[in-house]
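Colleague: Before I plan around this protein, could you take me through the model with some questions and answers?

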Amino acid sequence: MGDACWYVTTPIYYPSADLHIGHAYTTVAADALSRYHRLKGQDVLFVTGTDEHGQKIERSAADEGVAPPAFVDRVVARIRDELWPALGVSHDRFIRTTDEDHVAVVQAIFQRLRDQGDIYFGTYEGWYCLPDESFWPDSRVHGGACPECGRPVERVQQPSYFFRLSRYQDRLRQHLLAHPDFVQPPTRLNEMINFIEQGLEDLSVSRAGVGWGVPVPGDPEHTIYVWFDALINYLTAAGYLSDSDRFQAAWPPDVQLMGKEIVRFHAVTWPIMLMALDLPLPRRVFGHGWLLIGETKIGKSLGHVIDPIQLVAKYGVDPVRYFLLREVPFGADGTYTEEALVRRTNVDLANDLGNLLHRTIAMVRRFNDGFVPPFRPGIEEPVLELVAADVRREVEDSLEAVELNRAVEAVGRLVRAANKFIEERQPWALFREPGARERLDNVLYSVLESLRVASVLLSPLLLDTPGRIRRQLGIADGVTRWEEAAWGKLPVGHHLDEGTPLFPRLEAAAEEISAAAPAPAAVSEAPTVSLDEFQRLDLRVARVEAAERVAGTDRLLKLTLSLGDSTRTVVSGIAQHYHAEALVGRLVVVVANLASVTLRGIVSEGMVLAASEGGQLALVGPLDAVPLGARVQ
Ligand code: MSP
């Protein structure tokens, strides 16, 4: 089973709010692995999706006064149709737990496990962590806090179906000991073995009071526990019970990626579900670390929700992918800062890679009239050829081992070696030296060829950059096979046009992307703007038609503004200065052509002007009557 198709999964994400850079981290990693295996000529099944049922989503929908199906449809559309396309995520199936085929598989599995006595009926009494959707027994909860995330837990007492984890405890322990690669990195394996050795209690797999879920077959008063439902997505997406050819080819997953906080579900509950179904277990469950802001996991509080779509709009997709794959050793925690993203782009991409390409093409144009020179083996030691072969092997090993940062780093080694080679061989001196033509040709060819090899090695990792390098090298921009990374494939004799910089040097971000309301700007020596520049701002008079506090925040108000013949929604960080009700009917000035941003799941289509100083803040509006929508200029 499973040899014909390489199968990788990400967790399916809760569409309780828009996803952030932390979710993008896992998904871009899975994407890079998928692209690599496709280039190796393998069939690939790359699955990601959304985990849509359960109490957490039910509550988020209720908070917005929307029915769960409409609520999830809206958030899911943004994830599937905007976020993943913006990051170039090449999934083969986007699975939603509300998909009909999935619901059917969940119910069939529940029924089978009940029929074979692995699921039984009883009463649950214990704790529930809503944000994590996880049950905790009394023995693990101290002071009312979730042992995993520290947030408050709720008391639950209800009739419930239970899954007999205890029956499989020893078999699972044996499996982990016999397959030390099953859970990676190794520290997580040890955590899991310890966890199992403390003894597994049977798991409650239904909720009586939660209506938004898959009904228990034959007992619709109960819905199936959201984690039990969610883990099954990996089976549904592989064609379990629906497409036996696909399932034969894909099962079991080769790599399942996730953040470390949910390894427990994937290394304990999930394999036991598969054992009960007599199915092979995944080959590898990889729990990577967290992206942090300061000391805090991104996603835990307002101001930490970095929107990847905005980052891509600001910097382009490849700097964002590069940063995500390169910055943090996969497995460890690491810090996100926009400044680090800018630094990575400037140092690695603009300086090392971009300059190498630019200066090399310039030298070929100066020293060989722009024609790719021939290469004559045997004249000199094949320095870059050896580095390229070594780097290629390291990229392959790293990607097989899911060490993505090491793969990216290895390509950097080739780029730096090529830069160093130029410094050492000094093509400008060879050009003037009588009888050095062949050596000069070899140097130029070797550097061009290193760039071509780098473009192949980068092609699973970045989106447009490999093609842009290749166009400048005068070769087809698409890489179709990994074997193209072999040395010596650059054709000779064609003419190279003048190069264009690959990456403009970025300035450190003046305004960082985050969901926190911008701090009021201090009065400064502002640079002069022309009237034209000022008039690019479309400032309009608007009336506040409705205002409400954005749930879960202290600072944000959601305003509905009338501009006369149109209305728009604006999220404004003024809640500490104005009561929502007091704003209704007031006139304000709105920047009407500001790029929209999503804050707390709400699309904000503009910004209201306010004056602020020393902690005081006042909205700005017209002093006398004017029609709504009047232009401010
Ligand atoms: N729905 C469950 C998963 C079910 S899988 C059968 C869930 N969803 S989630 O929306 O909370 O997503 C959690 C996952 O998002 C993490 O496991 C990780 O892959 C990713 N991340 C979310 N925040 C992250 C960071 N700050 N850093 C790195 N990854 C993060 O749990």
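The exchange below goes from the whole chain to single residues.

Colleague: What radius of gyration does the protein have, and what would a compact globule have?

Modeller: This is a predicted model, and in it the C-alpha trace spans about 90 × 80 × 40 Å along its principal axes. For 633 residues, a compact globule would have a radius of gyration near 26 Å, which agrees with the value for the protein, 28 Å.

Colleague: Into which domains is the protein divided, and how far apart do the C-alpha centres of domain 1 and domain 3 lie?

Modeller: The division gives domain 1 at residues 5-288, domain 2 at 337-506 and domain 3 at 531-632. Between the C-alpha centres of domain 1 and domain 3 the distance is 41 Å.

Colleague: Is helix α18 mostly covered or mostly uncovered, and what covers its buried residues?

Modeller: Helix α18 runs over residues 465-472, and six of its eight residues are buried, so that the helix is mostly covered by the cut-off of under 20% relative accessible area. The buried ones are T465, P466, G467, I469, R470 and Q472. Their cover includes α12 (317-326), α13 (338-368) and α17 (437-458).

Colleague: Which residues does a cis peptide bond join in the loop that holds P252?

Modeller: Most peptide bonds are trans. The loop in question lies between α9 (244-250) and β12 (255-259), and there omega is about 0 degrees for the cis bond that joins W251 and P252. Another cis bond, with omega about -10 degrees, joins Q184 and P185, and P185 is in the loop between β7 (183-184) and α6 (186-197).

Colleague: E133 has a positive phi; is E133 buried or exposed?

Modeller: Most residues other than glycine have a negative phi, whereas the phi of E133 is positive, at about 50 degrees. E133 sits in the loop between β4 (119-129) and β5 (134-136). Because its relative accessibility is 1%, and the cut-off is under 20%, E133 counts as buried.

Colleague: Q426 also has a positive phi; what is its relative accessible area?

Modeller: Q426 is not a glycine, yet its phi is about 50 degrees, and its place is in the loop between α15 (404-425) and α16 (427-432). Partly exposed means that the value falls between 20% and 50%, and Q426 belongs there with a relative accessible area of 35%.

Colleague: How many positive and negative side chains does the protein have?

Modeller: The centres of the two sets lie 3 Å apart. The count is 64 positive and 85 negative side chains.

Note on methods:
Residues are numbered from 1 along each chain as its sequence is written. This is a predicted model: local features need pLDDT of at least 70, side-chain atom pairs count only at pLDDT 80 or more; totals for chains, interfaces and linings use all residues. Side-chain values use heavy atoms; hydrogens and water are left out. The radius of gyration is taken over C-alpha atoms; the globule rule is 2.2 Å times the number of residues to the power 0.38. Lys and Arg count as positive and Asp and Glu as negative; His and the chain ends are not counted. The place of a charge is taken as NZ of Lys, CZ of Arg, CG of Asp or CD of Glu. Buried means under 20% relative accessible area, exposed over 50%, partly exposed in between (1.4 Å probe, protein chains only). Helices (H or I, at least four residues) and strands (E, at least two) are DSSP runs, numbered from the N terminus. Contact means heavy atoms within 4.5 Å. Domain bounds come from an automatic or database domain assignment.
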